[in-house]
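Dear colleague,

I am passing on the structure we spoke about, and below it you will find notes on what turned up when I went through it. Please read them with the sequence and the model side by side.

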Amino acid sequence: MRLGMVGLGRMGANMTRRLIRGGHEVVVTDLSADGVKQLASEGAVASASLDEFATKLAAPRVAWLMVPAGGPTEQTVQALAQRFQKGDIIIDGGNSYFKDDIRRSKQLGEKGIHYVDAGTSGGVWGLERGYCMMIGGPKEAVQRLDPIFKTLAPGRGDVPRTPGRQEMPGTAEEGYVHCGPSGAGHFVKMVHNGIEYGLMQAYAEGFDIFRGANSKDLPEDQRYDLNLADIAEVWRRGSVVSSWLLDLTAMALAENPTLSEYGGFVEDSGEGRWTIQAAIEEAVPAEVLSAALYTRFRSRQEHTFAEKVLSAMRQKFGGHVEPKLAGVRK
């Protein structure tokens, strides 16, 4: 198929490469002329503007957006909508809020333009591993895009079949699935990322406990000098907690067991927040996911004002004076 890719960051560029390797023709555009030039040297069709981009796509056009969520995505969708016609398809493969997808789908639908939201997971490893995709949008549009999804997806590979799936239809075993109408794809990807926060936090806390097992505050016969890299490695082999996240943890610990090059400052993409908001709207308790999100907030601060209030109360009622720690924010 001939399609367009708007946004040539790490994921957009690698998705383009995978599509080209799969035999698709890809028209590319990006704010970075160097990014466009690089992909053109690898077989993509270059375009210097959205106007040129639209003219180089044959009707019915297909454009896949891999730009930052929020304003950049909104602006790009609206700009393409002015240039596209009835029957064309716009795919948002970024991390947009599912309620924005619903609004855009209705808006573009009035012009006869199909809007598809594709929650895409795979990160910088997707070029070789493939991308797991959770898709929302009209069935006819999603079916038309199937060759694209099939190329980007990892396929069945050597993953053992889940017992009982032999008679179940669909593409889930290939690594992509049509979740439902507009917004459903990004809704599923949103919760996926919320779960990711929780899994990451569980591993992080467990390895922190291992690291503290040699503390001088423990009885001497309860101290253990543990090899964290070895523990991560052995868990990869037959353990019930094995996962790709553990694989990446093992890789990092093998490279540097003390992780001294990391400061512990952890951003959040926004999807964890949206997951918690959805849980609130549905009255679903999500204690682990909430705690993992709040821990990310905490990682970006030194001592909070709340902690200062706690320290002040403890000093006032019990006379407890906190130790003078270097680096405490005034």
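What percentage of the 330 residues in the protein chain is buried? Buried residues come to 38% of the chain, and I should say at once that this is a predicted model, so please read everything that follows as computed from that prediction.

Starting with the overall picture, the protein chain holds 14 helices and eight strands, and its C-alpha trace spans about 75 × 45 × 45 Å along the principal axes. Among the contacts with a separation of 6 or more, 63% are between residues 24 or more positions apart. As for the surface, the protein chain exposes about 18,700 Å², of which carbon and sulfur atoms supply 57%. The charged side chains number 38 positive and 41 negative, with the centres of the two sets lying 4 Å apart.

One residue that I looked at in detail is N256, which sits in the loop between α11 (244-255) and α12 (271-282). N256 has a relative accessible area of 16%, and it counts as buried because that value is under the 20% cut-off. The side chain of N256 makes a polar contact of 2.9 Å with the side chain of T258, and a polar contact, also of 2.9 Å, with the side chain of S260. If you open the model at this loop, N256 with its partners T258 and S260 would be a convenient place to begin.

With best wishes

Methods:
Residues are numbered from 1 along each chain as its sequence is written. This is a predicted model: local features need pLDDT of at least 70, side-chain atom pairs count only at pLDDT 80 or more; totals for chains, interfaces and linings use all residues. Side-chain values use heavy atoms; hydrogens and water are left out. Helices (H or I, at least four residues) and strands (E, at least two) are DSSP runs, numbered from the N terminus. Buried means under 20% relative accessible area, exposed over 50%, partly exposed in between (1.4 Å probe, protein chains only). Contact means heavy atoms within 4.5 Å. Accessible areas come from the Shrake-Rupley method with a 1.4 Å probe; for residues, only the protein chains shown count as cover. Lys and Arg count as positive and Asp and Glu as negative; His and the chain ends are not counted. The place of a charge is taken as NZ of Lys, CZ of Arg, CG of Asp or CD of Glu. A polar contact is a pair of N or O atoms within 3.5 Å; within protein, one must be able to donate a hydrogen and the other to accept it, and residues adjacent in sequence count only if both atoms are side-chain atoms.
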